[in-house]
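Please walk through this fold with the structure open beside the text, going from one strand outward to the helices and the core.

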Amino acid sequence: MQIFPAIDLRGGQVVRLYQGDYDKETVYAQDPCAVARSFLAAGARYLHVVDLDGARDGMLANFETIAAIVKQGGLYIEVGGGIRTEDRIRRYLDLGVGRCILGTIAVRDFDFTARMAQTYGDRIAVGVDARDGYVAVSGWKELSAERGVDFCRRLRDAGVQTVIYTDISRDGAEQGTNLALYRELAEIEGLDITASGGVSSIEELKELQRIGTRAAILGKALYTGRLDLKTVIAEVGAC
């Protein structure tokens, strides 16, 4: 299973939010590049980066910071947050980003998302963030009328290969991830699922791996020391 340590950016700093609440922010580092280097030193091959300012405001507020992380090299990087036009996709891919994550735009302009999936293939992923089972958009502030699992099936049918699914209620809470949800998602044939939100133990990661989850994103549990990245990679693998 691929392990993606996460760097969430706000104002150029590495932060974590509690359940997506911008008013419940903890700053963990001033230097995102140094954090990326520490993940690489621990054996990471993948990195998940989110521009939280972009997710909320639709602007590429942390573009230069992300460019600096990419320039360091050594990591396959996926980026999300505020990517709502093809021009922005191209700008990130031209930087050397491995994959762009579409979020709000996937809900609001499904046809655009399908076109981008057809055009860029596995270099496009969709981030499906759900609260109480329903898709949330605009930095998790608004709920749509569609169930997250149903949306994932539509995405698969439209040609999307990878979905990063976050249960917002578990994000940043260190109370465990929603394994029942990922078991349901694993039944969607032809779709690679990345688990995100609340992953906080090796046992959970091994269960996610067992049911066929393609990847997992590790956030707060790394920053608080609850999980050790080097140990996770050694025990779960990063193939």
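**From a buried strand to the core**

Thr 194 lies in strand β11, which spans residues 192–196, and this residue is a convenient place to enter the model, which is a predicted one. With a relative accessible area of 2%, Thr 194 is buried, because burial is assigned to anything under 20%. Leaving out residues up to four places away in sequence, Thr 194 touches Thr 162, Val 163, Ile 164, Tyr 165 and Tyr 182, and also Ala 215, Ala 216 and Ile 217. The strand around Thr 194 is mostly covered as well, since four of the five residues of β11 are buried.

The pairing of β11 puts these contacts in context. Strand β10, residues 162–167, pairs with β11 in the parallel sense over five bridges, and within that pairing Tyr 165 has Ala 195 of β11 as its bridge partner. Strand β12, residues 215–218, also pairs with β11 in the parallel sense, here over two bridges, and Thr 194 stands opposite Ala 215 of β12.

The chain as a whole contains 11 helices and 12 strands, and buried residues account for 59% of its 239 residues. Of the contacts between residues at least 6 apart in sequence, 65% join residues that are at least 24 apart.

Turning to the helices, the axes of α3 (residues 63–72) and α4 (residues 86–95) come within 9 Å and cross at roughly 30 degrees. Because angles under 35 degrees count as roughly parallel, α3 and α4 are described as roughly parallel to each other. In their contact, Phe 63, Ile 66, Ala 67 and Val 70 of α3 meet Arg 91, Tyr 92 and Leu 95 of α4. The residues of this contact divide into six nonpolar and one charged, with no polar residue.

Which residues of α3 are buried? They are Phe 63, Thr 65, Ile 66, Ala 67, Ile 69 and Val 70, and the buried residues of α3 pack against β1 (2–10), α1 (32–41), β4 (46–51) and β5 (76–80) as well as against α4. Just after α3, Gly 73 takes a positive phi of about 80 degrees.

In soluble globular proteins, nonpolar side chains tend to be buried together. In this model the largest nonpolar core has 73 residues, and Ile 7 and Ile 89 are the ones that touch the most other members. Helix α6, residues 110–120, gives the most to this core, contributing six residues. When neighbours within four places in sequence are left aside, Ile 7 is in contact with Val 14, Pro 32, Val 35, Ala 36, Phe 39, Leu 47, His 48, Val 49, Val 50, Ile 69 and Tyr 223. A second, separate core of eight residues includes Phe 4, Ala 125, Ala 215 and Ile 217; of these, Ala 215 and Ile 217 have already appeared among the residues that Thr 194 touches.

A final stop is the loop between β7 (124–131) and β8 (134–137), where Asp 132 is placed. Phi of Asp 132 is near 55 degrees, a positive value in a residue other than glycine. Is Asp 132 buried or exposed? At 66% relative accessibility Asp 132 counts as exposed, because the exposed class begins over 50%, whereas Thr 194, where the walk began, is buried at 2%.

Definitions and conventions
Residues are numbered from 1 along each chain as its sequence is written. This is a predicted model: local features need pLDDT of at least 70, side-chain atom pairs count only at pLDDT 80 or more; totals for chains, interfaces and linings use all residues. Side-chain values use heavy atoms; hydrogens and water are left out. Axes are lines fitted to C-alpha atoms, for helices over the stretch in contact, and angles run from 0 to 180 degrees between N-to-C directions. Angles under 35 degrees count as roughly parallel, over 145 as roughly antiparallel, 65 to 115 as roughly perpendicular and the rest as oblique. Contact means heavy atoms within 4.5 Å. Ala, Val, Leu, Ile, Met, Phe, Trp, Tyr, Cys and Pro count as nonpolar, Asp, Glu, Lys and Arg as charged, and the others, Gly among them, as polar. A nonpolar core is a set of buried Ala, Val, Leu, Ile, Met, Phe, Trp, Tyr and Cys residues joined through side-chain atoms within 4.5 Å. Buried means under 20% relative accessible area, exposed over 50%, partly exposed in between (1.4 Å probe, protein chains only). Two strands pair if DSSP finds at least two bridges between them.
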